[in-house]
Amino acid sequence: MVRSTTPFDLVFRAQRLIGPHGETSGSVGIRDGRIAAVEPLDAELEATRVVELADDEVLLPGLVDTHVHVNDPGRTEWEGFETATRAAAAGGVTTIVDMPLNSLPPTVDTDALEVKRKTARDKAHVDIGFWGGAIPGKLDELRGLHEAGVFGFKCFLLHSGVDEFPPLDSAQLDTALRELAGFDAMMIVHAEDSDAIDEAPTPHGEDYGDFLASRPKGAENVAIAQVIELARRIGARVHILHLASSDALPLIASARAEGVRVTVETCPHYLSFTAEEIPDGATQFKCCPPIREAANRELLWKALADGTIDCIVSDHSPCTPELKRFDTGDFGVAWGGVSSLQLGLSAIWTQARQRGYDLSDVVNWMARKPAELAGMRSKGSIAVGNDADLCVFAPDDAFVVDVAKLQHRNPVSAYHGRPLAGVVRETWLRGTQIAGDGADTSQLHGKLLTRGEV
């Protein structure tokens with residue numbers, strides 16, 4: 001039996017705990033906001049407070065979501081740091097990385113980054129990092145943003161949906177990747193080819209099939225091939241955002257086998273929904289690239305299992321109800337984006353358990369791997385020295401999603417009315433409870449993160 005001689009601030013005792021090597025039981029001692037001990041369940045760890053998990057609860061590391069559109073400042077009516085981080089906490093997410101577009105100004109230079117950080121500083125329920133943006137006319141700002149601590153850079157290869165964040169053409173992408181390779185920064189890419197989209201049918205009307213035809217798999221495949229070829233030639237680090245096309249998986253696997261530095265994410269909505277089930281006019285399901293067919297979904301799940309896809313992140317991209325055009329149900333004009341920041345863990349667990357995966361798999365995809373992607377060494381796992389970011393999860397509990405009860409700003413979500421397995425009962429950030437019964441909500445506990453300091 002292990003006996004502690006120095007009291008901890010807090011100790012968790014859990015019959016089920018997902019550690020770096022899988023599921024076990026254990027006691028977790030926390031001191032000064034960090035995990036100071038991970039010991040057997042019967043270890044005598046003295047603490048000011050002891051939290052005993054119920055028999056139906058599992059202790060998970062806090063999730064890391066590296067793909068969140070907070071839209072603040074400038075489009076705070078779409079979301080905002082206060083509401084986004086509150087939703088994250090309610091969903092077991094303790095760290096987010098904010099995307100550089102849809103806010104005004106976009107995060108494409110150090111002045112804009114400072115505006116973003118100032119806006120977020122007093123609204124953070126969870127820890128927040130920032131991506132920089134790579135757009136035409138601002139490529140000379142990349143090094144400065146890197147030195148200011150962004151976690152990498154995002155670019156589009158076609159219109160982003162907002163005019164202030166234009167895409168890179170082939171030559172500009174080449175230039176940007178060569179610049180980033182000089183200081184080993186990562187480019188994260190919305191990989192859809194603009195020419196392929198231009199040649200596809202124009203999206204219009206209420207039929208989801210028409211919208212799906214307007215964003216064909218080929219648009220993803222061609223763009224991903226271009227990004228991989230440039231990464232191979234230049235030696236750059238690249239990351240493919242929100243993969244929806246299963247056709248691109250062999251290309252990605254082959255590139256990896258050749259040593260190309262490419263990583264890949266997908267999202268809960270691509271793993272939960274299918275094109276066949278989306279009703280006419282249900283624009284809450286619109287996102288780009290689009291939710292594809294059932295057979296495609298199953299191939300994405302297999303790619304997670306074999307490691308071709310590295311991680312699962314939300315791509316939480318909210319807007320006001322008016323922008324979803326529920327009045328007409330027209331997929332061609334509705335804003336594209338799925339609001340799911342609070343629901344990702346339950347959504348993925350619902351699907352994963354049906355396919356024989358366990359909570360260790362889910363933690364790997366939604367906590368450990370996203371933390372590794374962003375270079376956050378103190379996040380994503382229950383390990384000594386890491387931040388005491390924890391989630392108390394009841395995997396056999398269930399609920400039906402009600403948008404009126406979600407914490408993000410606008411009551412819109414593709415998951416409304418959907419039964420989900422698994423309930424987040426408590427979320428803890430550096431040893432302070434930030435969500436669930438008994439949470440300390442009298443003050444904010446989130447920090448702004450800088451690359452290299454996490």
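**Exercise 1.** Describe the second largest pocket of this predicted model by volume, lining and source elements.

*Solution.*
Step 1. The volume of the second largest pocket is about 510 Å³.
Step 2. Its lining consists of 25 residues, and those closest to the centre are Ala 90, Gln 342, Lys 405, Gln 407 and Val 424.
Step 3. Two or more lining residues come from each of helix 1 (81-90), strand 15 (390-400), strand 16 (419-429) and strand 17 (432-435). Strand 16 gives the largest share, five residues.
Step 4. Sorted by class, the lining of the second largest pocket holds 12 nonpolar, eight polar and five charged residues.

**Exercise 2.** Repeat the description for the largest pocket.

*Solution.*
Step 1. The largest pocket has a volume of about 650 Å³.
Step 2. It is lined by 36 residues, with His 159, Ser 160, Gly 161, Arg 215 and Cys 288 nearest its centre.
Step 3. At least two lining residues are supplied by each of strand 10 (153-156), helix 5 (194-199) and helix 6 (208-214). The largest share, three residues, is that of helix 5.
Step 4. The classes in the lining of the largest pocket are 14 nonpolar, 16 polar and six charged residues.

**Exercise 3.** Determine how helix 7 and helix 8 are oriented to each other, and list the residues in contact.

*Solution.*
Step 1. The axes of helix 7 (residues 217-234) and helix 8 (residues 249-257) come within 10 Å and cross at roughly 5°.
Step 2. Angles under 35 degrees count as roughly parallel, so helix 7 and helix 8 are roughly parallel to each other.
Step 3. Helix 7 makes the contact through Asn 221, Ile 224, Ala 225, Ile 228 and Arg 232, and helix 8 through Leu 251, Ile 252 and Ala 255.
Step 4. This contact of helix 7 with helix 8 comprises six nonpolar, one polar and one charged residues.

Technical notes:
Residues are numbered from 1 along each chain as its sequence is written. This is a predicted model: local features need pLDDT of at least 70, side-chain atom pairs count only at pLDDT 80 or more; totals for chains, interfaces and linings use all residues. Side-chain values use heavy atoms; hydrogens and water are left out. Axes are lines fitted to C-alpha atoms, for helices over the stretch in contact, and angles run from 0 to 180 degrees between N-to-C directions. Helices (H or I, at least four residues) and strands (E, at least two) are DSSP runs, numbered from the N terminus. Angles under 35 degrees count as roughly parallel, over 145 as roughly antiparallel, 65 to 115 as roughly perpendicular and the rest as oblique. Contact means heavy atoms within 4.5 Å. Ala, Val, Leu, Ile, Met, Phe, Trp, Tyr, Cys and Pro count as nonpolar, Asp, Glu, Lys and Arg as charged, and the others, Gly among them, as polar. On a 1 Å grid over the protein atoms alone, a cavity is a set of points where a 1.4 Å probe fits but cannot get out, and a pocket is an open set with protein on both sides within 12 Å along at least five of seven lines; lining residues have an atom within 4 Å of a point. Grid points are joined across faces, edges and corners, and a volume is the space filled by probe spheres set on the points.
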